[in-house]
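Visitor: I am new to this structure and would love a close look at one part of it. Could you take me to the place where the two domains of a chain meet?

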Amino acid sequence: MRDVAVIGAGCTTFGEKWNVSFRNLFVEAGILALEDAGLAGEQIDAMYVGNMSAGRFVEQEHIGALIADYTGLASYHIPSTRVEAACASGGLSFRQAVIAVASGMEDIVVAAGVEKMTDVASGASVDALTGAADREWEGFVGATFPGLYAMIATDYMNRYPLTREQLALVAVKNHYNGARNPIAQFQQEITTETVIRSALVADPLRLFDCSPITDGAAAVVLAPLERAREFTDTPVKVLASAQASDTITLHDRRDISTLDGSVAAGRRAFELAGLSTADIDLVEVHDCFTIAEICAIEDLGFCKKGEAGKLTEEGVTALHGSLPVNTSGGLKACGHPVGATGIKQVYEIVQQLRGEAGRRQIDGARIGMTHNVGGTGATVAVHILGV
Amino acid sequence: MMSVARFWRKIPQRYNLIGTRCTSCGRYFFPPRSFCPECRRSGKIVDYQFAGKGKVVTYTVIRSASEQFEQMTPYVLAIIELDEGPRTTGQVVCTPEEARIGMRVSPVFRRIGADGESGVIYYGTKYAPAD
């Protein structure tokens, strides 16, 4: 196994991008990443693309080839592979690229993610996203994604002392960070009142507890660590890549309020990197809903079950707290183009570790973590990056 | 929503709560499984008729739904633990105010959805409060 480094990263702005097509979204992110790595296309050996549901969102399959074609790589005939694991598609695409480079099979590999969600009406996108759960036994009876996470929140709040205000503070914090991120979909700060007065989506979750529908794409370029300095003065090393699975349905989980997939992938990542939670300077977690960030902080081992609400209230997870969580604004404020999210998380950590995060820079950040969840926790990808 | 064949082949499960049971380890499965995750190849799976009685483990009130269910909002959705052990997801036919954790429920046969005005009507099991 070879050590692997990120040598370039690029990301489109996230938002409702009515004037940009699926393929152009991807091309934009790919060019940004290649420019950042100082690479020409012909040096690329392989490409992985995370995408959840282009078939439902833009009625297009065969994404790997389409993207190779429109990024000008079709004539080089490099392998281009789509990776799908619902909202964890990006995280898995990154992991596949890491494996390709680490194994010695390929040298220069692009890991990307893309989702174009606004070409269908919101009811249709809610239905497409339901495919990340069990269509036969959750979707069929009327479950929605906010509904499933709401059932986690109901269970959690019945068992642990999490207040409505603490839950709202997750969104407030992520909007604060998003307001300092030029690619974020929402760049306005909000208050707990904004959250608590917003419309109920699925009790107890309100509109401002939920991540939005987003168009966006992100791409990073990987190389063997030993070659990284040919391309960049600021390589970011991949210290660990871990992935875990769990039951597809929420009702079959051992514990409704614990994502055992997050626990398993987190433990494995720390073990691979030879690190502990105390070594992590910042973490991008999968906050598709406010309750999901609460669970993630606990399941990754940063505090005991039931304590993440208090941690959030005390400002520990804030931008200048001792454990900054979701400096990008997270899925909540930066946006959640599902297949692109896992790559955007890596993009954020790379920016932070290089000291290029502008108004949201964490001083002296050396080790960062990403946590990307598919469905209600059936797939989890965790990566640790360092300089 | 679902092709006719896809719906039709699950009618015994959806209408009558026919699940499965592994006679090797005694575990019950609803939704049904044809392969026991505990015993794997040494498992022996047979059909099992669930009574459908159970209790609410957790719940929510869906206020914003996908196209199929938009007309029905708000509705109570819950994870129900059947008395035999397995958990399943279903709607509870009660008001949002009535729903609570630990509430006893029993199954009722209900219309779940339909493919437009002239398409197939999908029936299945919902759960009603029981004392």
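Guide: Here is a walk through the meeting place of the two domains, with a brief stop at the neighbouring chain.

This is a predicted model, in which local features need pLDDT of at least 70 and side-chain atom pairs count only at pLDDT 80 or more, while totals for chains, interfaces and linings use all residues. Residues are numbered from 1 along each chain as its sequence is written, and chains are lettered from A and ligands numbered from 1 in the order in which they are written.

Chain A is divided into domain 1 (4-121 + 214-236) and domain 2 (141-210 + 238-386), with bounds from an automatic or database domain assignment. Their C-alpha centres are 23 Å apart. To their contact, domain 1 of chain A brings 38 residues and domain 2 of chain A brings 33 residues; two residues are in contact if their C-beta atoms, placed from the backbone, lie within 7 Å.

On the domain 1 side, two or more residues each come from β1 (4-11), α4 (89-103), β4 (109-115) and β7 (216-224) of chain A. These helices (H or I, at least four residues) and strands (E, at least two) are DSSP runs, numbered from the N terminus. With eight residues, α4(A) gives the most to this side. By class, the side has 23 nonpolar, twelve polar and three charged residues; Ala, Val, Leu, Ile, Met, Phe, Trp, Tyr, Cys and Pro count as nonpolar, Asp, Glu, Lys and Arg as charged, and the others, Gly among them, as polar.

Now follow α4(A) to helix α15 (residues 338-353) of chain A: their axes come within 5 Å and cross at roughly 55°. The axes are lines fitted to C-alpha atoms, for helices over the stretch in contact, and angles run from 0 to 180 degrees between N-to-C directions. That crossing makes α4(A) oblique to α15(A), since angles under 35 degrees count as roughly parallel, over 145 as roughly antiparallel, 65 to 115 as roughly perpendicular and the rest as oblique. Among the residues that meet are A:Ser93 and A:Phe94 in α4(A), and A:Gly339 and A:Ile343 in α15(A). This helix contact has five nonpolar, seven polar and no charged residues.

A:Ala112 is a good place to pause: beyond its neighbours within four places in sequence, its contacts include A:Ser93, A:Ala217 and A:Ile343.

Finally, chain A also touches chain B, through 29 residues from chain A and 28 residues from chain B. On the chain A side, α7(A) provides the largest share, seven residues.
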